[in-house]
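Please work through the exercises below with the sequence and the model open side by side. Each exercise begins with a task and is followed by a solution that proceeds in steps.

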Amino acid sequence: MHEMAVTEDIMRIVTEHAAQAGAEQITDIHLVIGDMSSFVDDSIQFYFDLLSPETVAEGATLHFHRVEIRFRCRACGAEFSPDGMDWRCPKCDALGGKVIAGKEFYVESIEVT
Ligand SMILES: [Zn+2]
């Protein structure tokens, strides 16, 4: 259910930006979501459809830009994207590593009229 809270955050951020820009209508909202975050596009869309009517964001199109998970190996420093649930370094076979991408969640940009 945490998509409800993040969608409220999205609404707050985009309406603030629209007000600052003197915009009458938001047409597009670009979101960046890492594959490691558990947010589901459809759920965010669902809450957006609930929350946006009668606001400056009503009718805006949500665009989801997914960021794939990337690790940096703790043993050899190689950067790699895991193949499904196989989180071993392809160079040295060490397991996992430091997450350097995939946990993102933010509003990248909005388009207004
Ligand atoms: Zn390695």
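## Exercise 1: The surroundings of phenylalanine 39

Leaving aside residues up to four places away in sequence, list the residues that phenylalanine 39 touches, and decide whether phenylalanine 39 is buried or exposed.

*Solution.* With those sequence neighbours left out, phenylalanine 39 touches His2, Glu3, Val6, Ile33, Ile44, Arg66 and Phe105. The structure examined here is a predicted model, and this applies to every value that follows. In the next step, place the residue along the chain: phenylalanine 39 belongs to the loop between strand 1 and helix 2. Its relative accessibility is 15%, and because buried means under 20%, phenylalanine 39 counts as buried. For a contrast within the chain, take glycine 22, which is 17 residues from phenylalanine 39 in sequence, while the C-alpha atoms of the two are 30 Å apart in space.

## Exercise 2: An aromatic pair across the chain

Determine how the rings of phenylalanine 39 and phenylalanine 105 are arranged, and which parts of the chain they tie together.

*Solution.* Begin with the count of aromatic pairs, which comes to 4. In the pair of phenylalanine 39 and phenylalanine 105, the ring centres lie 4.6 Å apart and the planes meet at 50°, so the pair is classed as tilted. Phenylalanine 39 is in the loop between strand 1 and helix 2, whereas phenylalanine 105 is in strand 6 (residues 105-112), so the pair ties together parts that are 66 residues apart in sequence. Phenylalanine 105, with 25% relative accessibility, counts as partly exposed.

A second pair is formed by phenylalanine 71 and phenylalanine 80, whose ring centres are 5.7 Å apart and whose planes are at 45°, so this pair is tilted as well. Phenylalanine 71 is buried at a relative accessible area of 2%, and phenylalanine 80 is buried at 5%. Finally, Phe71, Phe80 and Trp87 make up one aromatic cluster.

## Exercise 3: The salt bridges of arginine 66

Find the salt bridges in which arginine 66 takes part with aspartate 35 and with aspartate 41, and locate the partners along the chain.

*Solution.* The model has a count of 6 salt bridges. In one of them, arginine 66 pairs with aspartate 35, and the closest N and O atoms are 3.7 Å apart. This pair links distant parts of the chain, since arginine 66 is in strand 2 (residues 61-67) and aspartate 35 is in the loop between strand 1 (26-34) and helix 2 (41-51), 31 residues apart.

Turning to the other partner, arginine 66 forms a salt bridge with aspartate 41, where the closest N and O atoms are 2.5 Å apart. Arginine 66 lies in strand 2 and aspartate 41 in helix 2, so this pair ties together parts that are 25 residues apart in sequence. Taken as a whole, Asp35, Asp41 and Arg66 are linked in a network of salt bridges.

As a last step, check the accessibilities: arginine 66 is partly exposed at 36%, aspartate 35 is partly exposed at 40%, and aspartate 41 is partly exposed at 21%.

## Exercise 4: The zinc site

Identify the protein donors of the zinc ion, and state the geometry of the site.

*Solution.* The donors are the SG atoms of Cys73, Cys76, Cys89 and Cys92, which lie 2.3 Å from the zinc ion. Along the chain these donors follow the spacing C-x2-C-x12-C-x2-C. Cysteine 76 is in the loop between strand 3 (70-72) and strand 4 (79-80), and cysteine 89 is in the loop between strand 4 and strand 5 (98-101), so the pair ties together parts that are 13 residues apart in sequence. The angles among the 4 donor atoms run from 104 to 115°, and the site is tetrahedral. For comparison, the ideal angle for four tetrahedral donors is 109.5 degrees. Cysteine 76 is partly exposed, at 40% relative accessible area, whereas cysteine 89 is buried, at 2%.

## Exercise 5: The nonpolar cores

Establish which residues of the largest nonpolar core touch the most other members, and which element gives the most to this core.

*Solution.* The largest nonpolar core has 17 residues, of which Ile26, Ile29, Ile44 and Phe48 touch the most other members. Helix 1 (2-20), strand 1 and helix 2 each supply at least two residues of this core, and helix 1 gives the most, with 5 residues. Apart from this core lies another, of 6 residues, including Ile69, Cys73, Ala78 and Cys89.

How values were computed:
Residues are numbered from 1 along each chain as its sequence is written. This is a predicted model: local features need pLDDT of at least 70, side-chain atom pairs count only at pLDDT 80 or more; totals for chains, interfaces and linings use all residues. Side-chain values use heavy atoms; hydrogens and water are left out. A salt bridge is a side-chain nitrogen of Lys or Arg within 4 Å of a carboxyl oxygen of Asp or Glu. Helices (H or I, at least four residues) and strands (E, at least two) are DSSP runs, numbered from the N terminus. Buried means under 20% relative accessible area, exposed over 50%, partly exposed in between (1.4 Å probe, protein chains only). Contact means heavy atoms within 4.5 Å. Donors are N, O and S atoms within 2.8 Å of the metal (3.2 Å for Na, K and Ca); water is not among the atoms, so sites may look incomplete. Four donors count as tetrahedral if all angles lie between 85 and 135 degrees; four count as square planar and six as octahedral if opposite donors are over 155 degrees apart and all others between 65 and 115; anything else is irregular. A nonpolar core is a set of buried Ala, Val, Leu, Ile, Met, Phe, Trp, Tyr and Cys residues joined through side-chain atoms within 4.5 Å. Rings of Phe, Tyr and Trp (its six-membered ring) pair if their centres lie within 6.5 Å; planes under 30 degrees apart count as stacked, over 60 as edge-to-face and the rest as tilted.
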